[in-house]
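Work through the following exercises with the sequence and the model side by side. Try each task before reading its solution.

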Amino acid sequence: ERAAKAIHALDPAHVVWSEPSFEGIPAKLDMLADWHYEYGTHQTLRQLRDFYAWCRPYGKPYMPTLSAKYWSGRRPRISAGPDKGKEGTQSADEVIVKAWLALGAVPAHALSFFYLDGWSEGEQNGTAEPGTGARFGKAWHERLAPAAELLRDLPNERAPLAVVRPSECRYASGLRWGQVHYPANLELALLRTPVPFDVLYDRDIETGAVKNYRYALLPMARTLYADHAAALDAAAKAGCTVVTDASAARRFDGGVHLEKLSYPYHPNDWHKIGEALMDWYGKVMPGLRDGLTAWSEGTNAFTFVKDFQGVKYVTVVNDLRRTDPGFLNRCVTNDWYRPYGAEQTVVTHFKIPAGAAVYEFNAPKERAAKAGLAEGRLSSVFAPAEGRVYCIYPRPPEKLRMDEVDGHLRVVLVDADGRPAPGRQLVEVEVCDPEGRTHDEAGRYI
């Protein structure tokens with residue numbers, strides 16, 4: 001905090017941020033960032049939801065940090081040949097998918113990447129597939145960067161379910177690492193369904209945010225502060241169903257108690273966490289799913305919805321993986337490791353009001369921008385690690401209107417009646433000098 005004050009004294013406009021982020025820090029700084037270095041896609045998505053939750057109630061910008069390589073016992077290691085024992089880099093497909101997750105799952109203000117030079121180093125020492133950096137760079141410039149500009153800071157639709165994590169449950173439960181592994185496995189089970197969830201920490205609980213959710217899952221609440229219990233009581237009175245497990249010190253009016261849901265200490269039994277949760281959630285989940293603006297079938301396609309000025313921005317990501325081995329599968333001790341994406345047909349369900357229209361943002365020339373839905377569904381072939389953004393407009397945009405205002409070119413997307421389209425649009429402007437050379441002002445504009 002003192003460092004931030006000193007920096008702002010020298011330059012009030014300077015953005016002061018911290019990485020990683022923890023509870024209490026967001027109130028003192030301008031922006032938060034955090035590390036999302038896990039190789040597993042679902043683990044990365046869980047971290048995105050968890051870590052962003054620290055700064056959401058403060059309204060501060062958030063910057064996810066992804067990694068091409070990290071020194072961790074959890075990274076697959078090459079187990080044969082001259083590079084035995086070395087940590088392999090992530091594939092381009094892995095990082096591309098995680099970048100799409102970061103853009104869609106949270107209101108990312110920016111993206112940071114750690115150790116991308118691990119790819120160039122790896123191409124020299126045999127731990128990265130040749131051409132990895134070039135493949136990622138192509139995806140970034142053509143697909144990810146435009147989407148990042150369009151989606152920057154846009155809020156996600158509120159999820160119907162919240163995982164509530166009071167601080168006293170973490171440090172006063174007496175379960176030590178159980179307070180890490182148990183909620184993590186609960187959230188991983190939830191991520192296998194198409195219904196999103198939010199994570200709520202103390203600040204959200206104390207400001208009454210719990211009442212905005214249909215369900216609030218309260219894991220390992222052996223201890224609750226009086227004000228947190230009161231906030232949960234108020235949420236229950238407002239219609240939120242509070243779901244407790246076998247550890248709960250108390251229950252809540254109108255709530256659901258899952259006596260079979262508890263923390264098994266041995267890692268070999270952690271699968272029981274998701275099984276016990278799904279005994280209940282599997283019954284209510286379809287109803288929540290059918291109320292979403294959009295969702296995709298299966299567990300290898302992710303769908304995220306943002307809402308801005310009446311326009312819905314739906315990000316769909318293909319995370320199907322090849323089963324045949326590739327360059328990085330020399331990590332044979334990690335038999336489950338599938339670092340390369342595969343093509344798949346993704347079926348996405350849309351719930352749109354009458355008169356609305358769905359358009360694909362930055363659609364390639366061979367694909368029509370206006371999405372052709374059949375009974376509210378869109379079936380489309382996605383390339384490996386491909387992500388797309390669909391924009392749901394309340395009225396179909398008709399054309400671009402261009403005029404000059406005080407010496408500046410103004411470009412407006414309008415409907416058939418000439419009314420400006422709501423939401424945010426991105427336009428790419430090509431500006432050339434008399435000799436046809438691209439001018440400095442050329443580029444993408446909001």
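**Exercise 1: two packed helices**

Helix 2 and helix 7 are roughly perpendicular to each other, a term that covers angles of 65 to 115 degrees. The model is predicted, so local features need pLDDT of at least 70 and side-chain atom pairs count only at pLDDT 80 or more, while totals for chains, interfaces and linings use all residues. Residues are numbered from 1 along each chain as its sequence is written, and side-chain values use heavy atoms, with hydrogens and water left out.

Task: find which angle and axis distance describe the packing of helix 2 and helix 7, and which residues make the contact.

Solution. Begin with the axes: helix 2 (residues 41-55) and helix 7 (residues 178-191) pack at about 110°, and their axes are 10 Å apart. Next, list the contact (heavy atoms within 4.5 Å): helix 2 contributes His-42, Gln-43, Leu-45, Arg-46, Arg-49 and Asp-50, and helix 7 contributes Ala-184, Glu-187, Leu-188 and Leu-191.

**Exercise 2: positive phi outside glycine**

Task: for Tyr-115 and Gln-309, decide whether each is buried (under 20% relative accessible area) or exposed (over 50%), where values in between are partly exposed and the probe is 1.4 Å, with protein chains only.

Solution. First, Tyr-115 has a positive phi of about 60° although it is not a glycine, and it sits in the loop between strand 4 (112-114) and helix 4. Its relative accessible area is 16%, so Tyr-115 is buried. Then, Gln-309, also not a glycine, has a positive phi of about 55° and lies in the loop between strand 11 (301-308) and strand 12 (311-318). Its relative accessibility is 53%, so Gln-309 counts as exposed.

How values were computed. Axes fitted to C-alpha atoms, helices over the stretch in contact; angles between N-to-C directions. Helix = DSSP H or I, 4+ residues; strand = E, 2+ residues; numbered from the N terminus. Parallel < 35°, antiparallel > 145°, perpendicular 65-115°, else oblique.
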